[in-house]
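Reader: I have a model open and want to go through its interface and its confidence. Can we take it step by step?

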2 protein chains.
Amino acid sequence: MAHTAAKPARRADARHNAEKIVQAAVACLGRNAEASMNDIAREAGVGRMTLYGHFPSREALVEAALIRLLAQGDEVLEAVDLSGDPRDVLRALMESGWLLIAQAASVLQAAQAALPPNRVQELHAKPEQRVHDLIRRGQVDGVFRADIPADLMASVLHHILHGVAGDVATGRLDPTDAPRFVAQMALAVCAIPPTHAGLPAAQ
Amino acid sequence: MAHTAAKPARRADARHNAEKIVQAAVACLGRNAEASMNDIAREAGVGRMTLYGHFPSREALVEAALIRLLAQGDEVLEAVDLSGDPRDVLRALMESGWLLIAQAASVLQAAQAALPPNRVQELHAKPEQRVHDLIRRGQVDGVFRADIPADLMASVLHHILHGVAGDVATGRLDPTDAPRFVAQMALAVCAIPPTHAGLPAAQ
């Protein structure tokens, strides 16, 4: 009986260790995007055997840390009211997204360096789908331009948000007012261009 | 005399080898962003000793390949007439930039993976300065919005161009019409928003 009783206990231990490791990875990579597997094992208080037993490579662990932050971010974005004028909703989503990305800047930087190209954006499928659906609704409602595909605009908003947050994280841009400006530029990308209102256009 | 005559000859040889290596790096990384130092040595027809004598690390060689492509791209961008309506010039710069980035997509991907964060954008200082100066002129002329700093808008255009080109390179987005749409979105970012023309705005 000791044998069968030990099994669930070992499984609970393993879950507990995996959880400690992911939390340690989020903390370590959040302080230093180049934190090593040893740094993370030390922070988690586990040995290298245990660490590699759960995460066979640094890449796997960096991905797990990013997935954890995205899940936490998703709870924040879930709280944004998606009804109402799509322009107001877009501004709210961009501003919330900005805060989340700014908090996750160091882990995102680690992920960009450790994961294959495009993987970071693939992991953002859920927040990007939310923005995509909002843009579609705005196009149907006639408040967003319909002459550019919604998936292209959603991708551009992702690049603006992540690119500018990266510029701020690396000290290239002043963070003052950046979130407000980013939301304004996102609205400009989606807005119906002035040509449609009879204004002179460059085209 | 043989001694002093040999020196310039050796220097010419070294220059010739360095040139062959950079060309081979551009070609190899252009086919495969993960090309190794061995692949590049084979393509250049030089030994590992010679290769590492010129470029002590893969990072150094990837950077040299990107710098070469940027110099070639600069010649193309130099040919764009910067006078005239800033909106027309911006469209021309974005479309030329798009073509250059599409051609360099694989080398850019290698550089994003091998160089420190922000380094790829730092190496784009010259094309970005050109766009920045154009935005400033458009702000002074009153055709671009002046309520967002020119350096932030220039950075956003960089992220849009590189982000969307990356999406196309990784098969995430359909390249059809992408360059035209990207130019339109760039213009939308810089344009004076409809609020200023008495149109209803979301704010």
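Reader: How many salt bridges are there between chain A and chain B?
Author: This is a predicted model. A salt bridge here needs a Lys or Arg side-chain nitrogen within 4 Å of an Asp or Glu carboxyl oxygen. Between chain A and chain B the count is 0.

Reader: Which element gives the largest share of the side of chain A that touches chain B?
Author: The rule does find 6 residue pairs in polar contact across the interface of chain A and chain B. On the side of chain A, the elements giving two or more residues are α5 (86-103), α9 (150-169) and α10 (178-190). The largest share is 10 residues, and it comes from α9(A).

Reader: What share of the area buried between chain A and chain B do carbon and sulfur atoms give?
Author: 38 residues of chain A are in contact with 38 residues of chain B. The buried area is about 3,400 Å². Carbon and sulfur atoms give 65%.

Reader: What relation links chain A and chain B?
Author: Chain A is laid on chain B by a turn of 180° and a shift of 0.0 Å along the axis, with an RMSD of 0.0 Å. Therefore the relation is that of a two-fold axis.

Reader: Over which residues of chain A does pLDDT stay under 50?
Author: Chain A averages a pLDDT of 89, and 93% of its residues score at least 70. Where pLDDT is low, the predicted coordinates should not be read in detail. The stretch under 50 in chain A is residues 196-203.

Methods
Residues are numbered from 1 along each chain as its sequence is written. Chains are lettered from A and ligands numbered from 1 in the order in which they are written. This is a predicted model: local features need pLDDT of at least 70, side-chain atom pairs count only at pLDDT 80 or more; totals for chains, interfaces and linings use all residues. Side-chain values use heavy atoms; hydrogens and water are left out. pLDDT is the predictor's confidence in each residue, from 0 to 100. Contact means heavy atoms within 4.5 Å. Copies are superposed by least squares on the C-alpha atoms of residues with pLDDT of at least 70 in both. Buried area is the accessible area (1.4 Å probe) that two parts lose on being put together, summed over both. A polar contact is a pair of N or O atoms within 3.5 Å; within protein, one must be able to donate a hydrogen and the other to accept it, and residues adjacent in sequence count only if both atoms are side-chain atoms. Helices (H or I, at least four residues) and strands (E, at least two) are DSSP runs, numbered from the N terminus.
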